[in-house]
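Please open the model in your viewer and keep the sequence panel visible. The tour below proceeds selection by selection.

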Amino acid sequence: MSHHTSLNFEDWYALNQLYADYASAVDSGHWDLWPEFFTDDCVYRLQPRENHERGFPLATLAF
């Protein structure tokens, strides 16, 4: 069974704008803007796909 979730146009547009703003900040090297794309109360991990797929918890970076 396939699960399909649809977005209304406003949410789709806002999500695409977020992706564009994020890519612009990263690509231009404006690292001072980067933290604004995330919430404060969380843990972010940069984990290789292979580790995730195999269930290995090793992350390259963890914040």
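Is Phe63 buried or exposed? Phe63 has a relative accessible area of 58% and is therefore exposed (buried means under 20%, exposed over 50%, partly exposed in between, with a 1.4 Å probe and protein chains only). Select Phe63 in the segment after β2, then add Cys42: their C-alpha atoms, 21 residues apart along the chain, are separated by 8.4 Å.

This is a predicted model, in which local features need pLDDT of at least 70, side-chain atom pairs count only at pLDDT 80 or more, and totals for chains, interfaces and linings use all residues. Residues are numbered from 1 along each chain as its sequence is written, and side-chain values use heavy atoms, with hydrogens and water left out.

Colour next by pLDDT (the predictor's confidence in each residue, from 0 to 100). The protein chain averages 87, and 94% of the residues score at least 70. Among its elements, α1 has the highest mean, 94, and strand β2 (residues 61-62) the lowest, 80. Helices (H or I, at least four residues) and strands (E, at least two) are DSSP runs, numbered from the N terminus.

Now select Leu7, Phe9, Trp12, Tyr13, Leu15, Leu18 and Tyr19, a nonpolar surface patch with about 750 Å² of accessible area together. Leu7 belongs to the segment before α1; because its relative accessible area is 47%, Leu7 counts as partly exposed.

Finally, select Asp32, Glu36, Asp40 and Asp41, which gather in a surface patch of negative charge. Patch members have over 30% relative accessible area and no salt bridge; like charges are joined within 9 Å, nonpolar side chains within 5 Å. Asp40 sits in the loop between α1 (9-27) and β1 (45-46) and is exposed, at 80% relative accessibility.

How values were computed:
Areas by Shrake-Rupley, 256 points an atom, 1.4 Å probe, with all protein chains shown as cover. Salt bridge = Lys/Arg side-chain N within 4 Å of Asp/Glu carboxyl O. Lys, Arg positive; Asp, Glu negative; His and termini not counted. Charge placed at Lys NZ, Arg CZ, Asp CG, Glu CD.
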